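Work through the exercises below with the structure in view. Try each task before reading its solution.

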Amino acid sequence: MKKIYVLEHFDFTDEQMKNLQSLGEVKYYEKANEQEIDEAIKNADAILLDWLDPNPILAKMRKGKFICLPYTGYDWVKNISIAKENGVIISNTPNYSTNAVAEHHLSLILDCAKHITSFNNIYKSGKDVGFNRGLELKGKKVGIIGLGNIGARLAELLSIFNVKIMTYNRTPKNLPNIKDVDLNTLLSSCDIVCNTCRLTTQTRNLIGMKELKQMKPTAILTSTTGGIVNLDELNEFLKENKLFGVGLDDVDQQQVPQDLLKHDNVICTYHRAYDTNESENNRIDLCIKSIEAYFNDKPINII
C-alpha cells in the first residue's frame with residue numbers, strides 16, 4: 001500500500017480525509033518534528049506539507065517520490081531544481097484561490113475609493129470624522145497589469161461597475177471589451193491601476209518611482225502580489241506626491257517602511273487575499289487529486 005505523509009495541519013473535511021485514505025496509508029501530523037520529517041522522507045511515497053520550509057525536504061527526497069506543494073507560486077522554493085535532478089516528482093496547486101484573490105482585490109479598490117478603513121479607524125478612535133469625499137467606479141478607466149486567471153476574474157467582477165478596462169500583459173489577450181496597451185499608456189491613462197501578475201525576476205519592482213510618476217494624482221493603485229510595487233520608492237513618492245488611494249496585500253514578506261503605514265490613504269493587508277473557506281476547500285481537493293494522479297502514473301500540475 002502506498003504511504004502518504006501529511007506533515008502538518010490541514011482543514012480536511014471528513015469526506016476529504018476519506019478520499020485521501022482511499023489512496024493509501026495516511027500518516028497525519030498536526031506539525032511534524034524533525035525526526036518525523038526524516039521518517040517521511042525515508043518512507044513516504046507522497047508528502048503533503050503547508051507552511052513547513054520544503055527546501056531541506058526536497059534536497060533529501062529520493063528518485064520516484066512525490067511531493068505536493070499546496071500553493072500556486074513557488075519561485076521562493078530554492079531546491080526544486082536539485083530535487084528534480086534527483087528524480088523527485090513535484091506538483092504545485094494552481095488556481096485554487098483565483099476567485100478569493102480577485103474579490104479581495106476588488107475590496108481593496110472599493111475600500112480606497114470609499115475611505116472605509118480610514119473612516120472606521122477615525123470613528124473608533126473617538127475623533128471627529130473629517131471631510132474626505134470618496135469616488136464612484138462608474139465610468140472610470142481601470143488598468144489591470146497581468147491578465148491571467150486572477151486578472152481575468154477581476155475584470156469580470158469590475159464589469160458590473162460599467163468601467164473601461166485596459167490591460168498590460170506579457171502577451172496580448174485580445175479579449176472583448178478589454179483594450180491591450182503598453183504599460184506606460186496604462187499608467188498614465190487609468191484612474192485605477194491594479195496589479196495581479198505573479199512575482200518573477202522580470203516583474204519584481206515593476207512599479208517604482210518612474211512608473212508612479214506617470215500615474216494621475218487622483219488615481220488608485222492596488223496590488224495583491226508582494227514585490228511588484230517597490231515599497232521604498234512608493235513611500236518616497238507619497239511624501240511629495242499624491243494618489244487617491246493605495247491598497248496592498250502580501251506585504252508581510254517584505255521590509256515595509258514604517259512611514260508608508262502612516263499615510264491615511266494606504267491600506268495594507270497581511271497576505272490574506274487567498275484565504276477563504278472556499279479556497280481552502282479547493283486547495284485540499286486539488287492536492288488530493290494531484291496525489292491520486294501521481295499514484296495512477298498520470299501526474300498533473302508538475303513543475
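Two strands count as paired if DSSP finds at least two bridges between them. The model used here is a predicted one.

**Exercise 1. Find the neighbours of strand β1 and the residues that stand opposite I4.**

Solution.
1. Start at β1, residues 3-6, and look for β2, residues 25-28: the two strands pair in the parallel sense over four bridges.
2. Within this pair, I4 stands opposite V26 of β2.
3. Now turn to β3, residues 46-48, which pairs with β1 in the parallel sense over three bridges.
4. Here I4 stands opposite A46, and V6 has L48 of β3 as its bridge partner.

**Exercise 2. Place β1 in its sheet and describe the helices that lie across the strands.**

Solution.
1. The strand order is β2-β1-β3-β4-β5, an open sheet of five strands with parallel pairing.
2. At the edges are β2 and β5 (89-91), each of which pairs on one side only.
3. From one strand to the next, the twist averages 15°.
4. Helix α1, residues 14-21, joins β1 and β2 in a right-handed β-α-β unit.
5. The same helix, α1, lies across β1 and β2 and runs at about 125° to β2.
6. Helix α2, residues 34-43, lies across β1, β2 and β3, at about 150° to β1.

**Exercise 3. Give the strand order of the seven-stranded sheet and explain what sets its edge strands apart.**

Solution.
1. The order is β8-β7-β6-β9-β10-β11-β12; the sheet is open and its pairing is parallel.
2. The edges are held by β8 (178-180) and β12 (266-268); each has a single partner strand, so one side of each is left without a neighbour in the sheet.
3. The twist in this sheet averages 15° from one strand to the next.
4. For one pair in detail, take β9 (residues 192-195) and β10 (residues 220-223), which pair in the parallel sense over four bridges.
5. In that pair, V193 has L221 of β10 as its bridge partner.
6. Helix α7, residues 149-158, packs on the sheet and touches β6 (141-145), β7 (164-168), β8 and β9. The direction of α7 makes about 165° with that of β6.

**Exercise 4. Describe the largest nonpolar core and the surroundings of L243.**

Solution.
1. The largest nonpolar core has 27 residues, and L234 and L243 have the most contacts inside it.
2. Two or more residues each come from α8 (183-189), α10 (231-240) and β11 (245-248).
3. The largest share, four residues, comes from α10.
4. Not counting residues up to four places away in sequence, L243 touches L212, M215, K216, P217, A219, L221, F237, L238 and N265.
5. As background, nonpolar side chains in soluble globular proteins tend to be buried together.

**Exercise 5. Decide whether S290 is buried or exposed, and list its contacts.**

Solution.
1. Locate S290 in helix α11, residues 277-295.
2. Recall the cut-off: buried means under 20% relative accessible area.
3. The relative accessibility of S290 is 1%, so S290 counts as buried.
4. Leaving aside neighbours within four places in sequence, S290 is in contact with F66, C68, S91, N92, I300 and N301.

Definitions and conventions:
Residues are numbered from 1 along each chain as its sequence is written. This is a predicted model: local features need pLDDT of at least 70, side-chain atom pairs count only at pLDDT 80 or more; totals for chains, interfaces and linings use all residues. Side-chain values use heavy atoms; hydrogens and water are left out. A nonpolar core is a set of buried Ala, Val, Leu, Ile, Met, Phe, Trp, Tyr and Cys residues joined through side-chain atoms within 4.5 Å. Buried means under 20% relative accessible area, exposed over 50%, partly exposed in between (1.4 Å probe, protein chains only). Contact means heavy atoms within 4.5 Å. A crossover is right-handed if, with the strands pointing away from the viewer, the path from the first strand over the helix to the second runs clockwise. Axes are lines fitted to C-alpha atoms, for helices over the stretch in contact, and angles run from 0 to 180 degrees between N-to-C directions.
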